[in-house]
Amino acid sequence: MSGAERKPERLEALDAWRGLCALLVALEHFNVQNVLHTNELVHHSYRFVDFFFVLSGFVISHAYAERLHRGGSETRGFLIRRIGRLWPLHLVVLTSFVLFEVAIFVASKAHISVGKAAFTERDTLASLPANVFLVQAWGMLDHSTWNVPAWSISTEILAYTVFAVLCAWVSRTWLIVLAAIVLLGSVVVIVMVAPAGMASTYDWGVFRCLFGFMTGVLTRELWRRWPIRGGTIVEVAVVIAVFTAVTLLPLDEPALLVTPIFALAVWIFASEDGALSRMMKRGAPQALGRWSYSIYMVHALLVLVILAVATISTKYGVHVFARVNDIATLVGPAWLTTAMTVAYLAVVLVIARFTYLRIELPGQRFFARFVGKPTT
């Protein structure tokens, strides 16, 4: 490696942010009738997916932009590594969803109902190929399908490709200009075309992702020139701003503000200059960061399994399942639903640690075999 080029340092505080966001998304998707789920922060935690997008744009630009400007084999190697980072776990979890549907079919033959017929609603065989190839959120399907959180992974694959192509075609200066153009164009689509705006997923979610991703790319350029080193007070202030925005911003156009607020948090925490950053660089937060992708990808299947067990249990006099506002919800005394939530999060973490070690890392190593040594 030449003296003019150094390997970018690992941004450990931002890794911890990723883990926290993944855990909050997992908590939001576990519908229980207690104060944890009715809390407005948890109720709106789906917005932390936009934090992923901003963080992804920042980190990818930080780690790969210099090499991607060379084009050629660097672009190919980057895309192979990104597919190796995302696709193996996605495929394993998707296969598990298919097996779950097979189990529903077998159960139906034994006259055991879990509340739905096999391979119906969002889990149809027709939508399976799009999910296998991670293109399910590119506007080709008319509803959410299979592992619903994976829609964001589908859009990130496209964002990676756009970013890599831009880097290969243009200089750093023009990359900034084009990133800003893509960002503004995405905002126009979100505001004027996408029916769900900043809640878009399977339909116009690509533009929501590009908005966040390119915001992250531009934030990295700002941080590279003008890092914010405000210490603990500034870190605490931006954390308050993040949680306030997630909790209080309305669903229409002002929801766009959540992305620049997330970008400000990334800009500040990238410098790791306060007590919160130091705390986030410790063991437990770093473990959450490492397991964040697994947390995000496995939790929806666990929720389905829990709801299926709860539905079956009603036949045996254990009534912990109901539909509240037409949403499948676990109900019961506060102590019971709180215990369910804690147990659910604990199981998510156990599974995530396993899938990180046994699926993510081996998958990355397998795909790395198809990439030559980085150019130095």
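## Exercises on a predicted model

At 67% relative accessibility, Met192 counts as exposed, where exposed means over 50% relative accessible area, buried under 20% and partly exposed in between, with a 1.4 Å probe and protein chains only. This is a predicted model, in which local features need pLDDT of at least 70 and side-chain atom pairs count only at pLDDT 80 or more, while totals for chains, interfaces and linings use all residues. Residues are numbered from 1 along each chain as its sequence is written, and side-chain values use heavy atoms, with hydrogens and water left out.

**Exercise 1.** Determine how many disulfides the model holds, and explain the result for Cys21 and Cys167.

*Solution.* Begin with the rule, by which a disulfide is a pair of cysteine sulfur atoms within 2.5 Å. For Cys21, the closest cysteine sulfur belongs to Cys209 and is 15 Å away, which is too far for a bond. For Cys167, the closest cysteine sulfur is again in Cys209, at 15 Å, and is too far for a bond. The count therefore comes to zero disulfides under this rule. As for their surroundings, Cys21 is buried at 0% relative accessible area, and Cys167 is buried at 0% as well.

**Exercise 2.** Find where α13 is kinked, and state how far the helix is enclosed.

*Solution.* Helices are DSSP runs (H or I, at least four residues), numbered from the N terminus. The kink in α13 is about 60 degrees and is centred on Trp291, the bend at a residue being the angle between axes fitted to the seven residues ending there and the seven starting there. Finally, 23 of the 31 residues of α13 are buried, so the helix is largely enclosed by the rest of the structure.

Key
Helix = DSSP H or I, 4+ residues; strand = E, 2+ residues; numbered from the N terminus.
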